[in-house]
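Visitor: I have a protein model open in front of me, and I would like to learn how to read its features one at a time. Could you take me through it slowly?

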Amino acid sequence: MDRQSRVFAAILPAAGREYVGNVNEQGPEVPAVNRQSPGNRSREVQVTGTAEVCCPADRVSVRVSVGSSKDSVNEVTNSVSRRLEYILQAVRQHGVSDKDTTVRRFLHREADQYNMNAEVMVTFSDFENMEGVCSVLLEKLDKSVCVGAPQFYHSAECLSQMRLRACVVAVQNAQQKACEVSQLLGQTLGPPILIREEETKEWRNEDEEGRGQSAGSVPHLPCTPTITASSQVFVSFSLRDRGRKKV
């Protein structure tokens, strides 16, 4: 995606004249260069760089619930516990660690019946494993288990890496732009003087709900959301003095 860019170059002659430059209307204001000795005068090119990085969700959670009603606490507890143990076993067999699984139980009484509801929340980093677990539970436990719709999301590590990558790519784009401008002006690009991230944005991209669905059509698979991060940086590079001989 083409983005608005700004370029400003200050290439000062050896004579001791004061130089004042302004960028176009959309560029930053450049202050006048102070009168200095010719050897200390500023020789630099200022550019902006932008980048966008997209990142799909890297985690998905699934809620599995079971329930039972019996005449005694032991009966209802045994009924739910057997199914809970099968659920946890199926999850472990698909490589999910215990730290990614949480179990909640709730026992209450209504009239002469004891009711127990249990819920297992499982977090997956492998989406194929998630699909495998859901298929096994629905096939083996049938109507005695309720498997919720998968909820996709981004982990904190994923978001941090995405933001970092957007900034790094923006700086790389700025450097490439500055290098090409320097070559156009017959100059040699030097090291950076200043790097500043001026703006960051993030937005979520999800498929439109019910996109094109009509009555009786096959429902779409759960949407895997993506997040896009953009970064705009300002970088000032020095210009090497070609007249200076290497020792």
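Visitor: How many disulfides does the structure hold?

Guide: The general idea is that a disulfide is a covalent bond between the sulfur atoms of two cysteines. In this model, which is predicted, the structure holds zero disulfides. Two cysteines can still be described by their surroundings: C167 counts as partly exposed because its relative accessibility is 22%, and C223 also counts as partly exposed, at 26% relative accessibility.

Visitor: Which pattern does the protein chain follow when it is read along the sequence?

Guide: The protein chain has three helices and nine strands, and along the sequence they come in the pattern β-β-β-α-β-β-α-β-β-α-β-β. Of the contacts in the protein chain with a separation of 6 or more, 76% are between residues 24 or more positions apart.

Visitor: How should I read a single helix, taking helix 1 as the case, and what should its residues span?

Guide: Begin with the length: helix 1 runs over residues 73–93, and at 1.5 Å a residue its 21 residues should span 30 Å, which agrees with the 30 Å between its end C-alpha atoms. Just after helix 1 comes G95, which takes a positive phi of about 80°.

Visitor: Which residues of helix 1 are buried?

Guide: An α-helix has 3.6 residues a turn, so residues three or four places apart point the same way. In helix 1 the buried residues are V76, S79, V80, R83, L84, I87, L88, A90 and V91. Because they cover an arc of only 155° around the axis, they lie on the same side of helix 1. The face turned away from that buried side carries the exposed residues N74, R82 and Q93.

Visitor: What do the buried residues of helix 1 pack against?

Guide: They pack against strand 3 (59–70), strand 4 (101–110), strand 5 (113–124) and helix 2 (127–141).

Visitor: Which residues have the most contacts inside the largest nonpolar core?

Guide: The largest nonpolar core has 26 residues, and those with the most contacts inside it are V64, I87, F124 and L137. Strand 3, helix 1, strand 5 and helix 2 are the elements that give two or more residues to this core, and helix 1 gives the most, with seven residues. If you select F124 and leave aside residues up to four places away in sequence, you will find that F124 touches D58, R59, V60, V62, V96, N129, M130 and V133. There is also a second, separate core of 13 residues, which includes V45, A170, V233 and V235.

Visitor: Where are A111 and D142 found, and what is the value of phi for A111 and for D142?

Guide: A111 is found in the loop between strand 4 and strand 5, and its phi is near 55°, a positive value in a residue other than glycine. A111 is exposed, since its relative accessible area is 70%, and the cut-off for exposed is over 50%. D142 belongs to the loop between helix 2 and strand 6 (146–147), and phi of D142 is near 50°, again a positive value in a residue other than glycine. At 48% relative accessibility, D142 counts as partly exposed.

Visitor: How much of the protein chain do buried residues make up, and what area does the chain expose?

Guide: Buried residues make up 34% of the 247 residues in the protein chain. The chain exposes about 15900 Å², of which carbon and sulfur atoms supply 47%.

Notes
Residues are numbered from 1 along each chain as its sequence is written. This is a predicted model: local features need pLDDT of at least 70, side-chain atom pairs count only at pLDDT 80 or more; totals for chains, interfaces and linings use all residues. Side-chain values use heavy atoms; hydrogens and water are left out. Helices (H or I, at least four residues) and strands (E, at least two) are DSSP runs, numbered from the N terminus. The expected span of a helix is 1.5 Å times one less than its number of residues. Buried means under 20% relative accessible area, exposed over 50%, partly exposed in between (1.4 Å probe, protein chains only). The arc is that of the directions from the helix axis to the C-beta atoms. Contact means heavy atoms within 4.5 Å. A disulfide is a pair of cysteine sulfur atoms within 2.5 Å. A nonpolar core is a set of buried Ala, Val, Leu, Ile, Met, Phe, Trp, Tyr and Cys residues joined through side-chain atoms within 4.5 Å. Accessible areas come from the Shrake-Rupley method with a 1.4 Å probe; for residues, only the protein chains shown count as cover.
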